[in-house]
Amino acid sequence: MISRDDWKQTGRGLLMGGADIIPGVSGGTVALILGIYQRLVTAISRFDIELLGLLKARQWAKASAHVDLRFLVFLAVGIVVGIASLASLMHYLLEQHPEPTNAAFFGLIAASAILVARLIPQWSWREPVLLAAGVALAYWIVGLDVTANPPDSNAYLFLCGAIAICAMILPGISGAFILLILGKYIHVTGLLKQVLRFQGGLDEFVSIGVFVLGCVCGLIGFSKLLKWLLERYEPPMLALLCGFMAGSLRKIWPFKIDLTPEVEKFAEKRFENVWPGNWTGATWLAVGIALAAFAFVIVLDALTGKKDPMHDPDENETTPS
C-alpha cells in the first residue's frame with residue numbers, strides 16, 4: 001500500500017526534478033530546503049559492501065532497509081516525473097519569460113540560504129571562513145565559460161558524469177550547468193534522446209553506459225564523503241552549503257543581457273548580469289516576484305515550525321537504525 005509518506009517523498013522528488021532542469025538551480029538545494037538532504041546522502045552512501053553481503057545472502061528485507069529503498073524509490077519516481085513533466089514548461093518560461101522566472105528562484109534560494117545559516121548553533125572562526133569559501137567557489141563556477149573543444153573520449157565522458165552528479169547533490173551547484181561548462185551538455189542530452197528512442201547504434205549505447213557508470217561511481221563515492229562530513233562537522237558543513245547557495249545566485253540573477261543573440265539553442269547562449277537601467281513595469285514585476293518568493297519561504301518556515309531542514313521529520317519513522 002502506498003502511504004502518506006510515500007506521496008510526500010514523490011512530491012519532494014517532483015520538486016527536485018523540476019529544479020534539476022533549471023540552469024543554476026540544484027536538486028540538492030531543494031533537498032536541503034525540504035529537509036531530506038542528510039537522509040538522501042545517507043541512503044545513497046549505503047550502497048556498499050554490506051549491501052552486497054545482504055543481497056548475496058538473499059536477505060531482501062534487510063537490504064531494503066539498509067539503503068532506505070522505499071524512500072529512494074518514491075523520491076526517484078518524483079524526480080523522473082518532475083523532469084519529464086516540467087522540462088517543457090521550464091524551458092518555455094526561461095526562454096519567453098526569463099526575468100520573472102529567475103526572479104522567483106532568486107527569492108526562494110536567497111531566503112533558503114538565510115534559513116540554513118540560522119541553523120548554525122554556534123559560530124566560530126571556521127563557519128565564516130567556509131561560508132565565504134562556499135560563496136566564492138559557487139560564484140566562480142557558475143561564471144565559467146563553456147569548454148569549446150572538449151575531449152572526444154569515453155574516459156572524459158566518465159569523468160564528466162562523475163563530476164556532474166557530485167555537483168547535482170551539492171546545494172547551489174547545478175549538475176546540468178557543470179556538464180555545460182565541461183562542453184558535454186549537448187552531447188549527453190543528444191545521446192539520451194537517441195537511446196530513449198532506440199535510434200542510436202552500439203557506440204551511442206556504450207557512451208551513455210559509460211556516462212551513467214561515471215554518475216554511479218561519483219554519486220556513491222561522494223555521498224560517503226558528504227555523510228562522513230555531515231556526521232562529524234555539521235555546523236561547518238552547513239556554513240559551506242549555505243555559501244554554495246548564496247554564490248549560485250549569480251547564475252539566476254533576473255536581469256541579464258544576451259551576449260549571443262545569434263545562437264538559437266538556449267543551453268548554448270551566454271548571458272551577462274546587469275543592473276536594470278530603466279525601471280519599467282517588467283522590472284518592478286520581477287522585483288515583486290523575488291520579494292514574494294522570499295517572503296513565501298520565510299512565512300512557510302514560521303508556520304511549519306520546522307527547525308532543522310537537514311533532517312527529515314519522517315526519518316525516525318521510516319529510516320532503519
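Here are some short exercises, with worked solutions, on a predicted model of a protein.

**Exercise 1. Classify the ring pair formed by W228 and Y233, then say how exposed each residue is.**

Step 1: Start with the wider picture. Searching the whole structure turns up six aromatic pairs.

Step 2: Look at the geometry. The ring centres of W228 and Y233 are 5.8 Å apart and their planes meet at 65°. Planes over 60 degrees apart count as edge-to-face, so that's the label for this pair.

Step 3: Check the accessibility. W228 has 38% relative accessibility and counts as partly exposed. Y233, at 37%, is partly exposed too.

**Exercise 2. Do the job again for W279 and W284.**

Step 1: Take the distance and the angle. The centres sit 4.8 Å apart, with 50° between the planes.

Step 2: Pick the label. Stacked needs planes under 30 degrees apart and edge-to-face needs over 60, so an angle of 50° makes this pair tilted.

Step 3: Compare the accessibility of the two partners. W279 has a relative accessible area of 35%, so call it partly exposed. W284 comes out at 54%, and anything over 50% is exposed, so W284 gets that label.

Step 4: Zoom out. Both residues belong to a cluster linked by ring pairs, along with F106, W253, F255 and W275.

**Exercise 3. Find which arginines lie over the faces of F71 and Y139.**

Step 1: Go to F71. R39 lies over its face, 4.2 Å from the ring centre.

Step 2: Go to Y139. Here R250 is the one over the face, at 4.1 Å from the ring centre.

**Exercise 4. Work out how many disulfides there are, and test C215 as an example.**

Step 1: Recall the chemistry. A disulfide is a covalent bond joining the sulfur atoms of two cysteines.

Step 2: Test C215. The closest cysteine sulfur belongs to C166, and it is 9.1 Å away. The cut-off is 2.5 Å, so these two are too far apart for a bond.

Step 3: Give the total. The count is zero disulfides.

Step 4: Add the burial. C215 is buried at a relative accessible area of 15%, and C242 is buried as well, at 5%.

**Exercise 5. Describe the largest nonpolar core and place L226 in it.**

Step 1: Think about the general trend. In soluble globular proteins, nonpolar side chains tend to be buried together.

Step 2: Get the numbers for this model. The largest nonpolar core has 60 residues, and the members touching the most others are M16, Y37, L40, F71, L170 and L226. Helix α13 (residues 234-247) gives the most to this core: eight residues.

Step 3: Focus on L226. If you skip neighbours within four places in sequence, L226 contacts Y37, V41, I169, L170 and M237.

**Exercise 6. R58 and D68 both have a positive phi without being glycines: which is buried and which is exposed?**

Step 1: Note the angles. Phi is about 60° for R58 and about 55° for D68.

Step 2: Locate them. R58 is in the loop between α4 (49-56) and α5 (60-66), while D68 is in the loop between α5 and α6 (69-96).

Step 3: Settle the question. R58 is exposed, with a relative accessible area of 64%. D68 is buried, at 5% relative accessibility.

Conventions
Residues are numbered from 1 along each chain as its sequence is written. This is a predicted model: local features need pLDDT of at least 70, side-chain atom pairs count only at pLDDT 80 or more; totals for chains, interfaces and linings use all residues. Side-chain values use heavy atoms; hydrogens and water are left out. Rings of Phe, Tyr and Trp (its six-membered ring) pair if their centres lie within 6.5 Å; planes under 30 degrees apart count as stacked, over 60 as edge-to-face and the rest as tilted. Buried means under 20% relative accessible area, exposed over 50%, partly exposed in between (1.4 Å probe, protein chains only). A charge sits over a ring if NZ of Lys or CZ of Arg is within 6 Å of the ring centre and within 35 degrees of the ring normal. A nonpolar core is a set of buried Ala, Val, Leu, Ile, Met, Phe, Trp, Tyr and Cys residues joined through side-chain atoms within 4.5 Å. Helices (H or I, at least four residues) and strands (E, at least two) are DSSP runs, numbered from the N terminus. Contact means heavy atoms within 4.5 Å.
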